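Good morning, and thank you for coming. Please look at the chain on the screen while I describe how its parts are arranged.

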Amino acid sequence: DETFPIIAEKENFTIEKCEGDVIINWDDDDLAMPNNLYNINKYWKDDTNLLHWNKALFYNGPNATKIAGVGNSGIAFSKKVWEEIGRTPVEQAGWDMSFVVKIHNLGRDKVVLASPPDEEVSWVYRWGGIPAKSNEAGIYHQSGQGTDTPDRKNIVQRHVEYIEQQRKHGKIPTGDIELKPHAVHDYVDLRRRTALQNRKK
């Protein structure tokens, strides 16, 4: 019935509940390949504070478009470091950048830019571009709403208004919706084909 008024408050609430030493951010619109945890374990060192994906599958529906770095998507970080920097900065839009900058400032030698071979990338960053009539669920990025400024509503409010506008235009289903979770694409095959395209360039 309620939602967190500030995104970072939700981050802090959920991270506090985690019992492990390594926290992995997994936004609900992105995907992990079956080998994602294996890759994190492979590139994570004992003194690592933060792991970025320097190579991941960039999906801009209906196709994967490239294998490249994906910024702060799918990062892994040390819970001890999260505590050391004073937890997630309580901000709306842009909190993730403030967060990783604080960790980078502790020592760039403890930040891993993981670059698995193209055939072994394990993180799928899904941006958008899905046709309105597609059978695939839409991707509604808050980050697509831009940063917060004093002259406009905050990111959560702007995003809610955007989703409501999409609903009014018939781009989001309403009423009783039967959920049937499934993958529309074979993302492992998309990775293979994108890796082949990269080799041909």
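I begin with one residue, Phe77. Leaving aside residues up to four places away in sequence, Phe77 touches Ile15, Asp21, Val22, Ile23, Asn25, Trp44, Asn49, Leu50, Trp82, Phe99 and Ile103. Please keep in mind that this is a predicted model.

Where does Phe77 belong? Phe77 is a member of the largest nonpolar core, which has 17 residues. Within that core, Phe77 is among the residues that touch the most other members, together with Leu50, Ile75, Phe99 and Ile103. At least two residues of this core come from each of the helices H1 (7-17), H3 (79-84), H4 (95-104) and H5 (155-168). The largest share belongs to H4, with four residues. There is also a second core, separate from this one, with 13 residues. Ile40, Val112, Trp123 and Tyr125 are included in that second core.

Let me now step back to the whole chain. It contains six helices and eight strands. Following the sequence, one reads the pattern α-β-β-α-β-β-β-β-α-α-β-β-α-α. The C-alpha atoms fill a box of roughly 50 × 45 × 30 Å along the principal axes. How does the radius of gyration fit the length of the chain? A compact globule of 201 residues would have a radius near 17 Å, and the 18 Å of this chain agrees with that. Of the 201 residues, 39% count as buried. About 12500 Å² of the chain is exposed, and carbon and sulfur atoms supply 50% of that area. Among contacts with a separation of 6 or more, 70% are between residues 24 or more positions apart.

I turn next to the sheet. As general background, strands of a sheet pair through backbone hydrogen bonds, either parallel or antiparallel. Here, four strands form an open sheet with mixed pairing, in the order E2-E8-E4-E5. Why do E2 (31-32) and E5 (63-68) stand at the edges? Each has a single partner strand, so one side of each is left without a neighbour in the sheet. Strand E4, residues 56-60, runs antiparallel to E5, and five bridges join the two. One position to find on the screen is Lys66 in E5, the bridge partner of Phe58. Helix H6, residues 187-200, packs on this sheet and touches E2, E4, E5 and strand E8 (123-126). The direction of H6 makes about 60° with that of E5.

Two loop residues remain. Met33 lies in the loop between E2 and helix H2 (36-43). Is Met33 buried or exposed? Its relative accessibility is 5%, and buried means under 20%, so Met33 counts as buried. Setting aside residues up to four places away in sequence, Met33 touches Leu57, Val121, Ser122, Trp123, Val124, Tyr187, Val188 and Arg191. Of these, consider Val188: Met33 and Val188 are 155 residues apart in sequence, and their C-alpha atoms are 7.1 Å apart in space.

The other loop residue is Arg87, located between H3 and H4. Arg87 has a positive phi of about 70°, although it is not a glycine. With 31% relative accessibility, Arg87 counts as partly exposed.

Thank you for your attention.

How values were computed:
Residues are numbered from 1 along each chain as its sequence is written. This is a predicted model: local features need pLDDT of at least 70, side-chain atom pairs count only at pLDDT 80 or more; totals for chains, interfaces and linings use all residues. Side-chain values use heavy atoms; hydrogens and water are left out. A nonpolar core is a set of buried Ala, Val, Leu, Ile, Met, Phe, Trp, Tyr and Cys residues joined through side-chain atoms within 4.5 Å. Buried means under 20% relative accessible area, exposed over 50%, partly exposed in between (1.4 Å probe, protein chains only). Contact means heavy atoms within 4.5 Å. Two strands pair if DSSP finds at least two bridges between them. Axes are lines fitted to C-alpha atoms, for helices over the stretch in contact, and angles run from 0 to 180 degrees between N-to-C directions. The radius of gyration is taken over C-alpha atoms; the globule rule is 2.2 Å times the number of residues to the power 0.38. Accessible areas come from the Shrake-Rupley method with a 1.4 Å probe; for residues, only the protein chains shown count as cover.
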